[in-house]
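I opened the model to look at two things. The entries below are in the order in which I looked them up.

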There are 2 protein chains.
Amino acid sequence: MTTDQDTPLGDPSGQSAGQEQVVISVDAMGGDRGPEAVVAGCARTVSENAHISLLIHGDEAILKPLIARQPALAGRCTLVHADGVVTMDDKPSHVMRHGKATSMWSAISALKSGTAQAVVSCGNTGALMAVSMLQLRRMKGVNRPAIACLWPSRGPHGFSTMLDVGADIKAEAEDLLAYAIMGATYFRNGFGDALPRVGLLNVGTEDHKGRAEIKAAHELIAANQDFGRYTYVGFVEGSDIPSARVDVIVTDGFTGNIALKTGEGTARLVGDMLRESFKSSFLAMLGAGLASGALKRLSARIDPRRVNGGVFLGLNGTVVKSHGSADAMGVAAAIALAAKLAQSGYHGRMAERLVIAAKAAQDAAQDASPASAHPTTPQTPPGAAQNGETE
Amino acid sequence: MTTDQDTPLGDPSGQSAGQEQVVISVDAMGGDRGPEAVVAGCARTVSENAHISLLIHGDEAILKPLIARQPALAGRCTLVHADGVVTMDDKPSHVMRHGKATSMWSAISALKSGTAQAVVSCGNTGALMAVSMLQLRRMKGVNRPAIACLWPSRGPHGFSTMLDVGADIKAEAEDLLAYAIMGATYFRNGFGDALPRVGLLNVGTEDHKGRAEIKAAHELIAANQDFGRYTYVGFVEGSDIPSARVDVIVTDGFTGNIALKTGEGTARLVGDMLRESFKSSFLAMLGAGLASGALKRLSARIDPRRVNGGVFLGLNGTVVKSHGSADAMGVAAAIALAAKLAQSGYHGRMAERLVIAAKAAQDAAQDASPASAHPTTPQTPPGAAQNGETE
């Protein structure tokens with residue numbers, strides 16, 4: 001948390017976006033491909049980003065030779081030994097009680113102590129969230145932290161973001177409001193979009209559809225749009241996630257996780273079918289050969305490794321969950337994302353908005369019957385004037 | 001309901017699968033493309049299927065000239081006049097109270113009275129379900145009827161089925177058990193698969209994950225697999241929906257609807273990006289031209305019109321909801337599906353299993369504490385021995 005300005009990621013005009021040094025703490029023992037892929041990703045990161053240095057956490061006996069094999073890492077990383085490993089099958093509650101000696105715990109501790117500015121892990125998502133919550137604590141006003149993912153879309157920035165995609169299996173109306181605020185702040189800082197469009201995922205776009213908590217959230221998110229600096233477009237459906245209609249899709253972690261994985265599975269199926277088609281005849285093979293440049297560009301555009309990294313929002317610190325099956329390129333993308341976020345300093349402004357929104361939601365709930373007729377308008381955030389924010 | 005055998009759809013050895021005549025009741029006034037597309041779909045159906053004749057419901061002044069323009073329909077359909085139209089914005093509760101004069105109501109009445117063997121509508125899904133429930137009533141043992149859709153997959157039959165995709169916004173454990181039984185019966189009859197593989201949609205495949213009702217359903221569905229004639233593969237994730245791992249995906253209507261639309265939206269996005277890529281250079285255009293045969297076959301394989309039709313399960317009668325934006329080809333596919341289902345006579349066997357499963361679920365719920373340790377095993381269905389079923 002270096003600043004509370006909403007600076008677009010990668011915007012060279014921001015005070016934090018130059019080549020200021022940043023230290024990222026990497027849990028090297030998680031992930032389906034083992035430490036080798038993570039260390040290769042680390043090497044890729046430092047060779048592409050002169051301002052990033054790394055703390056690499058895990059078993060010294062395994063990591064030392066892997067690091068030695070990567071000349072790019074020489075002088076750019078510190079190995080932090082940890083005996084234990086969190087496996088994909090470990091229950092989060094078990095890791096919280098008995099996981100102090102693991103590489104995951106060690107990686108998060110470095111962020112807590114201030115040695116590093118962000119954490120990246122490819123490990124067990126549930127455990128990573130549990131240990132992060134335990135060590136970093138939730139931001140004030142946040143009951144349920146969320147995981148945000150990026151999604152290729154037809155929107156102006158080529159991506160939408162969706163949250164929660166799996167931190168929790170349920171969300172109340174006030175959690176969904178917090179997701180709207182956190183998602184909008186994340187998107188604004190990620191893409192330099194002053195006024196992201198927020199939509200609430202539902203089974204239809206008519207006002208009368210959906211579950212009770214979603215209808216309540218519909219009112220709350222609409223009432224807070226000025227102050228939260230987003231435009232609320234109302235309910236959106238699954239087909240809208242990759243559309244040009246919306247930038248930030250708000251939903252509970254159960255629905256979001258299933259939507260995310262369904263989208264990934266469908267894209268993979270279509271891709272596989274396409275490859276099969278191209279092998280079906282000589283003409284098709286010839287055609288695919290001629291179009292190979294275009295096909296490679298398409299493949300790169302929807303390559304999930306490019307947008308690898310679920311960002312944990314609502315914690316006092318930046319934690320990025322890299323996909324369990326990420327290769328070196330995917331790990332490098334997740335580390336670069338963590339560095340950008342840590343340097344953008346979006347945390348301060350987000351924290352301020354969340355506290356005010358939580359109070360507004362509470363007032364709306366107490367303001368029993370006319371809640372839907374007269375949505376509660378929160379006070380102007382005190383920080384707005386002090387910071388001379390003009391957007 | 002002509003028989004209670006589980007006869008595969010389209011299997012010529014079944015008693016019902018010959019060219020026995022069938023009458024399908026079509027609501028011609030729903031749908032985004034208006035009655036013209038529906039009537040064109042009707043014409044396409046009867047010219048391709050000598051054994052299907054139709055009742056076409058709607059405004060005579062509009063439909064008469066449209067029907068006259070389709071020579072194929074001469075002598076193959078009866079026009080049933082109805083003044084009213086259910087619009088896409090009408091609330092289901094409103095249509096239930098005031099919708100008696102609509103084409104939708106009229107179409108369902110023909111099924112109720114026995115004049116037709118199945119109903120097809122492109123109209124408002126919520127209203128169609130509400131009026132169907134009101135007129136046809138739920139099967140015994142079914143608390144929440146469901147809508148089942150087909151999904152292109154890597155499985156042995158090229159499709160999986162998912163339910164519920166939008167009949168209700170929630171489902172308890174016993175509803176999810178009913179969906180497993182109904183989905184397995186539908187899939188068995190649709191694809192001649194003796195033992196469909198059922199999976200329960202969740203955010204992870206580990207036993208400890210998910211919401212309470214899903215954990216309870218996990219036990220119930222596992223305990224009923226022999227009797228329900230399916231194999232339970234346990235929890236599946238969004239990415240498994242189009243996979244070779246599972247044939248029937250069970251979930252609540254909120255999650256299922258969002259997964260379905262997310263999958264459709266993603267497939268459309270990838271398709272659009274592919275088309276754009278092919279236009280990006282001269283070589284790419286040339287390649288696409290050479291591969292056009294293969295690309296057309298791929299496009300046909302994932303064309304949502306081919307598998308158009310959400311089937312309402314758990315009602316005393318076959319109702320097929322065609323996609324609102326279906327064209328003539330889509331409408332024809334939905335009518336053909338309705339005819340196949342009506343003639344397969346899967347309803348009887350499904351009804352029997354549902355009653356027994358409902359009792360088993362009730363017993364499991366009463367059998368308080370050891371429910372998860374000792375899943376309730378239902379009795380052998382009485383029909384099994386009587387019918388000399390060998391599968």
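These notes cover the contact between the chains and then one strand with its partners.

Entry 1, the interface. I am working from a predicted model. I looked up the contact between the two chains and found 56 residues of chain A touching 56 residues of chain B. On the chain A side, helix H9 (253–278), helix H10 (282–290) and helix H11 (292–301) are the elements that give two or more residues. I noted that H9(A) supplies the largest share, 19 residues. Sorted by class, this side of chain A holds 26 nonpolar, 18 polar and twelve charged residues.

Entry 2, strand E5 of chain B. I checked burial along residues 146–152 and got seven buried out of seven. I then split the strand by direction. Ala146(B), Ala148(B), Leu150(B) and Pro152(B) point one way, while Ile147(B), Cys149(B) and Trp151(B) point the other way. Such alternation is what a regular strand shows, its side chains taking the two faces of the sheet in turn. Here the residues pointing either way are all buried.

Entry 3, the partners of E5(B). Which strands pair with E5(B)? I found strand E10 (residues 310–313) of chain B, antiparallel over three bridges, and strand E6 (residues 159–163) of chain B, also antiparallel, joined by five bridges. For register, I wrote down Ala148(B) opposite Val311(B) in E10(B) and Leu150(B) opposite Thr161(B) in E6(B).

Entry 4, the turn. I followed the chain from E5(B) to E6(B), which form a hairpin with six residues between them. In that turn, Gly158(B) has a positive phi of about 80°.

How values were computed:
Residues numbered from 1 in each chain as written. Chains lettered and ligands numbered in written order. Predicted model: local features only at pLDDT ≥ 70, side-chain atom pairs only at ≥ 80, totals over all residues. Contact = placed C-beta atoms within 7 Å. Nonpolar A, V, L, I, M, F, W, Y, C, P; charged D, E, K, R; others polar. Buried ≥ 20, exposed ≤ 12 C-beta atoms within 10 Å, placed from the backbone. Pairing = 2+ DSSP bridges.
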